[in-house]
Amino acid sequence: QVQLVESGGGLVQPGGSLRLSCAASGIPFSITTMGWYRQAPGKQRELVATSASGGSTNYADSVKGRFTISRDNGNNRVYLQMDSLKPEDTAVYYCNAKYKAFIRNHDYWGQGTQVTVSS
């Protein structure tokens, strides 16, 4: 059974930092592209950052230079370090796992963790 469990969300003041964590189980983590997405009220879910199995990373323009995605293949975890947070970063953040096995594409989501940036 696949499980993606996010943690680390909360309330932070503008300019502050948070570190999100996602613990994955039931997937071949080392060959999986892990990602963070977010959804603000009234908006569509959007990509924040991804980390491919080969080590490459990708970021949304809105978070470049402020957020850093990293992964620990030994412990099946992916992290999102968020610095210089802005009110517009307020959203529910979701962990995502994508991989291909036996010609089938697999795509899984966590339950999400709330991040609120407010003074």
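**Two loops and the salt bridges of arginine 38**

Visitor: Where is the place of asparagine 76?

Guide: The model is predicted, with residues numbered from 1 along each chain as its sequence is written; local features need pLDDT of at least 70, side-chain atom pairs count only at pLDDT 80 or more, and totals for chains, interfaces and linings use all residues. Side-chain values use heavy atoms, leaving out hydrogens and water. Strands, labelled β, are DSSP runs of E with at least two residues, and helices are runs of H or I with at least four, both numbered from the N terminus. With strands counted in this way, asparagine 76 is found in the loop between β7 (67-72) and β8 (77-82).

Visitor: What is the phi of asparagine 76, and is this residue buried, partly exposed or exposed?

Guide: Asparagine 76 is not a glycine, yet its phi is positive, at about 55 degrees. Buried means under 20% relative accessible area, exposed means over 50%, and partly exposed lies in between (1.4 Å probe, protein chains only). Because its relative accessibility is 23%, asparagine 76 counts as partly exposed.

Visitor: Which loop holds isoleucine 103, and is this residue buried or exposed?

Guide: Isoleucine 103 also has a positive phi, about 60 degrees, although it is not a glycine. Its loop runs between β9 (91-101) and β10 (104-109). Since its relative accessible area is 80%, isoleucine 103 is exposed.

Visitor: How many salt bridges are there?

Guide: A salt bridge is a side-chain nitrogen of Lys or Arg within 4 Å of a carboxyl oxygen of Asp or Glu. One of them joins lysine 98 and aspartate 107, whose closest N and O atoms are 3.9 Å apart. By this rule, the count is five.

Visitor: How far apart are the N and O atoms that join arginine 38 and glutamate 46?

Guide: Arginine 38 is buried, because its relative accessible area is 6%. Glutamate 46 has 36% relative accessibility and therefore counts as partly exposed. The side chains of these two residues meet in a salt bridge, with an N to O distance of 2.7 Å.

Visitor: How many residues apart are aspartate 89 and arginine 38?

Guide: Aspartate 89 forms a salt bridge with arginine 38, in which the closest N and O atoms are 2.9 Å apart. The pair links distant parts of the chain: aspartate 89 lies in the loop between β8 and β9, and arginine 38 lies in strand β4 (residues 33-39). Both aspartate 89 and arginine 38 are buried. Their separation along the chain is 51 residues.
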